[in-house]
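Biologist: Could you walk me through this one, starting with the charged side chains?
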Amino acid sequence: MKALVTSCGRQDLLKKTLSSFLENQHYAEITIKIHEDRNISNSEVDYSKLEDEHLAFTNGIGQHASIEKFLSENKAEKYYLHLEDDWLFENSYDWIKASVDIMEADKKIIKVLCRKDLVHKNKKFVGKYTTSEGEQINMYELTKWTDQWINNDWYGFSWNPGVTRLDLLSEFMPFTKWEQYLTKKISEAGYKVIALEKGVYSHIGEGRSTHK
């Protein structure tokens, strides 16, 4: 599987993201590509553990255009792992395998989220996922809720880290400028987003605005 990391000059956070992602897990079959949206030095980031890593400078085209570029370059892939440069990973179980298993069982699932501090307010229980170690983890479908902060409805999909069906997501290119409009279009198309109750990553970029 290929992984896309969208980054925007926050090298200290990117370093923490990559280090924690690689810790305690073996991702031999994952190729990481970083789309850095600023033409700056990457001297703060240690790439020594990423033999197959490729850094792409996208010269200020923005997050959505960077994602579109990645999807267009990897049309043959069914799934991809979406990451950003401001998350801390715990990796307490093989959440990537779990995500693929869940999507393989339901072709209408476009993404699986494993966020610790899930901010989405409305969700419905849809079953349990059993890990290879026998642990059962609750699964929830994210349903519509009104986000008071943005004064708009949210339907489940987001650019938070997670395994995503590349083939389904590509249907919505070019992406709208605002994430909440994209999430509505995805929901109206009948696609679902599943959240695993046992989260493995948390947000560390609060207050650090992205490059526009």
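Modeller: What follows is a short talk about salt bridges in this structure, which is a predicted model.

Biologist: How many salt bridges does a search of the whole structure find?
Modeller: The search, run over the whole structure, turns up 12 salt bridges.

Biologist: Which side chain does Lys33 meet in a salt bridge?
Modeller: Lys33 pairs with Glu73, with an N to O distance of 3.5 Å. This pair links distant parts of the chain, since Lys33 lies in strand β2 (residues 31–36) and Glu73 in helix α2 (residues 63–73), 40 residues apart.

Biologist: And are those two, Lys33 and Glu73, buried or exposed?
Modeller: Lys33 counts as partly exposed because its relative accessibility is 24%, and Glu73 is likewise partly exposed, at 40% relative accessibility.

Biologist: Switching topic, what about Arg165, which partner does that residue have?
Modeller: Arg165 forms a salt bridge with Asp167, and their closest N and O atoms are 2.6 Å apart. Arg165 is buried, with a relative accessible area of 7%, whereas Asp167 is partly exposed at 32% relative accessibility.

Biologist: Which residues are joined into one network by salt bridges that share partners?
Modeller: Lys33, Lys69 and Glu73 are joined in that way.

Biologist: One more, where does Arg115 stand, buried or exposed?
Modeller: Arg115 is buried, because its relative accessible area of 12% falls under the 20% cut-off. The side chain of Arg115 meets that of Asp117 in a salt bridge of 3.0 Å, N to O, and Asp117 is partly exposed, with a relative accessible area of 35%.

Key:
Residues are numbered from 1 along each chain as its sequence is written. This is a predicted model: local features need pLDDT of at least 70, side-chain atom pairs count only at pLDDT 80 or more; totals for chains, interfaces and linings use all residues. Side-chain values use heavy atoms; hydrogens and water are left out. A salt bridge is a side-chain nitrogen of Lys or Arg within 4 Å of a carboxyl oxygen of Asp or Glu. Helices (H or I, at least four residues) and strands (E, at least two) are DSSP runs, numbered from the N terminus. Buried means under 20% relative accessible area, exposed over 50%, partly exposed in between (1.4 Å probe, protein chains only).
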